[in-house]
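This report goes through a two-chain complex in order of confidence, overall make-up, core and selected residues. The sequence and structure come first.

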Amino acid sequence: MSIEIIFILIYFAAVIAIGIAVSRRSSKDRAGYLLGGRSLGAPVTALRMQSTSMSGYMFLGAGGLGYSQGYYGMWFALGDLGGGVLNLSIIGRRMRKLSYLLGSITSIGYLERRYPSIWTKLIAGPIALACLFLYVLAQLLAGGQGFSSVTGLGLNVSLVVAVSIILIYTFLGGYLAVAYTGFLQAIIMVIGMLWILIATVQHVGGLTAGHRRVAELNENLLLMWGADGQFFGQWGVILGALLIFSIGYIGYPHVNVGHMSMKRPSIARTAGLWSTGFNFLFIPGAYLIGLFGLLIVPNLDNPELAIFEVAQTVLPPFAVGLVMAAIMAAIMSTADSILLQAGTIASQDLGGTLIKNLSEKAAVNISRIVILVIAIVGLILAMWQPPGVFDLVVFATSTMGSAFVPAYVCAVWWKKANTPGAIISMLAGAAAAVAAQLLGTADSYGIDPMMAGIVASTIGIIVGSLATQRSHPVPAEVLAAVEETMKVAPVPKHLVVGEDATLASQRPGDGQ
Amino acid sequence: MFGLPLSTTLIMGGVMLFWIVYTIVFYVSTRNWVVEDADYDTPAAEAAAAAVEGGDRA
C-alpha cells in the first residue's frame with residue numbers, strides 16, 4: 001500500500017472519528033442540540049462557511065481555469081476573496097437575529113417565516129434542491145477524480161468508493177459534526193494549498209521567472225482577458241465572474257444556515273476577519289498553481305486535474321499523501337454539508353408542508369432517502385457522462401445566487417419586501433439564470449447568467465412587493481421582528497417566537 | 001511586478017486592497033454590535049432561550 005493511500009485512510013478515519021464524537025455530544029437532548037446548534041464561535045463559523053463553499057471546486061475547477069485561461073480566472077478569485085466578509089457584513093448579524101426572533105433554523109424555513117406562505121417553501125425548496133443536487137454532483141466528481149488520481153484506480157471505481165465514504169460520513173454526522181470537521185478541514189486545506197503553492201513556485205524558479213516562462217507560451221495568459229483575449233471589453237462577463245462568488249454566497253442556503261448557528265449576532269464581526277484571512281491564504285493559490293501547471297505538466301487532457309498532477313510532480317511522496325488526504329476530506333466536507341441541507345429541505349421544508357402530521361421518524365427517513373437518492377443518481381450521472389466540475393459549479397451557484405440573493409438581503413434590509421415579491425423574485429431569478437445559461441448569453445451577448453439572474457430577481461422583488469403592498473402587506477408580527485432586527489439593541493423577549501420544533505427530527509441519532 | 005503586466009498588477013492589487021480595507025472598516029465600524037451580546041451571554045438569557053425553545057410555536 002502506497003504512502004499516499006495510507007495518509008488518506010488515516011485522515012478519513014480521523015475525520016469520521018471526530019464526526020462521531022461531536023455527534024454523540026450534540027445528541028444528548030433536544031435543548032442541548034438546539035443550543036449547541038446556536039453555539040458556534042467566529043473561527044468555526046467562518047471556516048465552516050469557507051470550506052463548505054469552495055473545496056471541491058477550488059482543487060479542480062479553479063486549477064483547470066488557471067491552466068486553460070490564465071489570469072482571467074483571477075476575476076473569480078477576486079470576487080471570492082470578499083465573498084465571506086460581504087455575506088457576514090450584509091446579512092450575518094441580521095439573519096442570526098431575525099431567525100432567532102422568528103424561531104426558524106432551516107434556511108428555507110427562515111424564508112417561509114419571513115415571507116409567510118406555503119408557496120414560499122414550495123418554490124424555494126425545489127429550486128434549492130435542484131441546485132444543491134448539481135453542486136453535490138460536482139463534489140462527487142471531484143472526489144472520484146481525486147481518488148482516481150491518487151490511487152491509480154479507474155474513475156468509476158473511485159467514484160463508488162468516494163460516494164460510499166461520503167454517504168457513511170453524512171449519515172454519521174449532524175450539523176454540529178459537519179461544522180467542526182469543516183473547521184478542521186479548512187485549516188488542513190490552507191496548509192495543503194500553501195504547501196503545493198510554495199513547492200510549485202520553487203519548481204518554476206520563483207514567481208517572476210514563472211510568469212516570464214508562461215508569457216513565452218502565451219502572453220495573454222498573464223492578462224485578465226482570457227487565453228485568446230476573448231473577454232476583453234466583455235464587462236458583463238467580467239462582472240458576472242466577480243459577482244458569482246462574492247454576492248452569490250448570500251443566496252446559498254447551505255452557507256447561510258451558518259449565520260443562524262452563530263453563538264451571538266456579533267460573532268459575524270470576528271468571523272469576517274477569519275473569512276478574509278482564510279480566503280487570501282487559500283484562493284489565489286489554486287488559480288496560480290493551475291497557471292504554472294502549464295510549465296510543469298503541459299498538455300493535460302483534463303485541465304481540471306492540474307493541481308493533482310502538479311502536486312504529484314513537485315511534492316515528495318509523504319507530502320503528496322498528506323495533501324491529497326486533505327483535498328479529499330475537504331471535498332467530502334462540502335458534499336456532506338450539501339447532502340445534509342438537501343435532506344433537511346426535503347424532510348422539513350417540503351415533507352412537513354406536503355404531509356400533515358409528519359412524524360419525527362418519517363421525517364428522518366425522508367431525509368435519508370433523499371440523501372441516498374441524490375447520491376446514487378449523482379453517481380450514475382457521473383459514471384455515465386461526467387460533466388466538468390467547473391461548469392456544474394458555475395451553473396448551480398449562478399442559479400442559486402440569482403434566485404435567493406434578493407430574498408435573503410431584502411428579508412433583513414427592506415421592510416416592504418413581502419411574500420409575492422419574494423416569490424416573483426425567486427422564480428424570475430432562477431428562470432433568467434437558467435435561460436441565460438442555456439442560450440449562452442455570455443458568448444453571444446456578453447451577459448453573464450449571474451448578471452441576468454440577479455437583475456431579474458432584484459427587479460422582481462422590488463416591483464412585486466410594491467405592486468402588492470395593499471393586497472399582501474407584511475404581517476404585523478413579521479414587521480415588528482424585522483424592525484427589531486434592524487436595530488442594534490437587546491431583543492425584547494415578547495418578540496421571540498421560539499424554535500421550530502420540527503428541527504428535533506434532524507438531531508443525530510434521534511427518532512431512528 | 002513579479003513579471004506581470006501593469007494592468008494585471010493594478011487590478012489584482014486594487015481589488016485585494018479593497019477587500020482588506022472593507023474587512024477592517026466592517027470590523028471597526030461594528031464595535032457597537034456587542035451591546036446585543038447581553039441577550040445571548042448571560043445564564044439568565046440562556047435559560048430564557050431554552051424555555052422559549054421548549055415552548056409553543058407561533
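Over residues 28-36 of chain A, pLDDT (the predictor's confidence in each residue, from 0 to 100) stays under 50, and the model has 15 contacts for this stretch beyond four places in sequence. Two residues are in contact here if their C-beta atoms, placed from the backbone, lie within 7 Å. Residues 501-512 of chain A also stay under 50, with 36 contacts beyond four places in sequence. Where pLDDT is low, the predicted coordinates should not be read in detail.

This is a predicted model, in which local features need pLDDT of at least 70 and side-chain atom pairs count only at pLDDT 80 or more, while totals for chains, interfaces and linings use all residues. Residues are numbered from 1 along each chain as its sequence is written, and chains are lettered from A and ligands numbered from 1 in the order in which they are written.

**Confidence**

For the complex, the predictor gives an ipTM of 0.82 and a pTM of 0.82. Chain A has a mean pLDDT of 82, with 86% of its residues at 70 or more. Among the elements of chain A, the lowest mean pLDDT, 36, belongs to helix α2 (residues 30-36), and the highest, 95, to helix α18 (residues 419-439).

Chain B has a mean pLDDT of 75, and 64% of its residues reach 70 or more. Confidence in chain B is highest in helix α1 (residues 6-29), at a mean of 96, and lowest in helix α3 (residues 43-53), at 45. Over residues 47-58 of chain B the pLDDT is below 50, and this stretch has 20 contacts in the model beyond near neighbours in sequence.

**Make-up of the chains**

Helices and strands are DSSP runs numbered from the N terminus (helices H or I, at least four residues; strands E, at least two). Chain A comes to 21 helices and zero strands. Chain B has three helices and zero strands, in the pattern α-α-α along the sequence.

A residue is buried if 20 or more other C-beta atoms, placed from the backbone, lie within 10 Å of its own, exposed if 12 or fewer do, and partly exposed in between. Of the 512 residues of chain A, 65% count as buried; in chain B, buried residues make up 17% of 58. Among contacts in chain A between residues at least 6 apart in sequence, 83% join residues at least 24 apart.

**The nonpolar core**

A nonpolar core is a set of buried Ala, Val, Leu, Ile, Met, Phe, Trp, Tyr and Cys residues joined through C-beta atoms within 7 Å. The largest one has 186 residues, and those with the most contacts inside it are Val136(A), Ala138(A), Leu140(A), Ala342(A) and Met426(A). Helix α7 (residues 118-151) of chain A gives the most to this core, with 18 residues. Leaving out residues up to four places away in sequence, Ala342(A) touches Leu129(A), Leu132(A), Val370(A), Ile371(A) and Ile374(A).

**Helices α5 and α6 of chain A**

Helix α5 (residues 83-102) and helix α6 (residues 107-114) of chain A pack at about 70 degrees, with their axes 10 Å apart. Axes are lines fitted to C-alpha atoms, for helices over the stretch in contact, and angles run from 0 to 180 degrees between N-to-C directions. α5(A) is therefore roughly perpendicular to α6(A) (65 to 115 degrees; under 35 is roughly parallel, over 145 roughly antiparallel, the rest oblique). On the α5(A) side the contact is made by Leu98(A), Ser99(A) and Leu102(A), and on the α6(A) side by Tyr110(A), Arg113(A) and Arg114(A).

**Selected residues**

| Residue | Place | Other C-beta atoms within 10 Å |
|---|---|---|
| Arg114(A) | helix α6 of chain A | 28, buried |
| Thr120(A) | helix α7 of chain A | 23, buried |
| Asn299(A) | loop between α13 (267-296) and α14 (306-314) of chain A | 5, exposed |

Arg114(A) touches Leu98(A), Leu102(A), Ala411(A) and Val478(A), not counting residues up to four places away in sequence. With the same exclusion, Thr120(A) touches Leu111(A), Glu112(A), Tyr115(A), Thr419(A), Ala422(A) and Ile423(A). Asn299(A) has a positive phi of about 60 degrees, although it is not a glycine.
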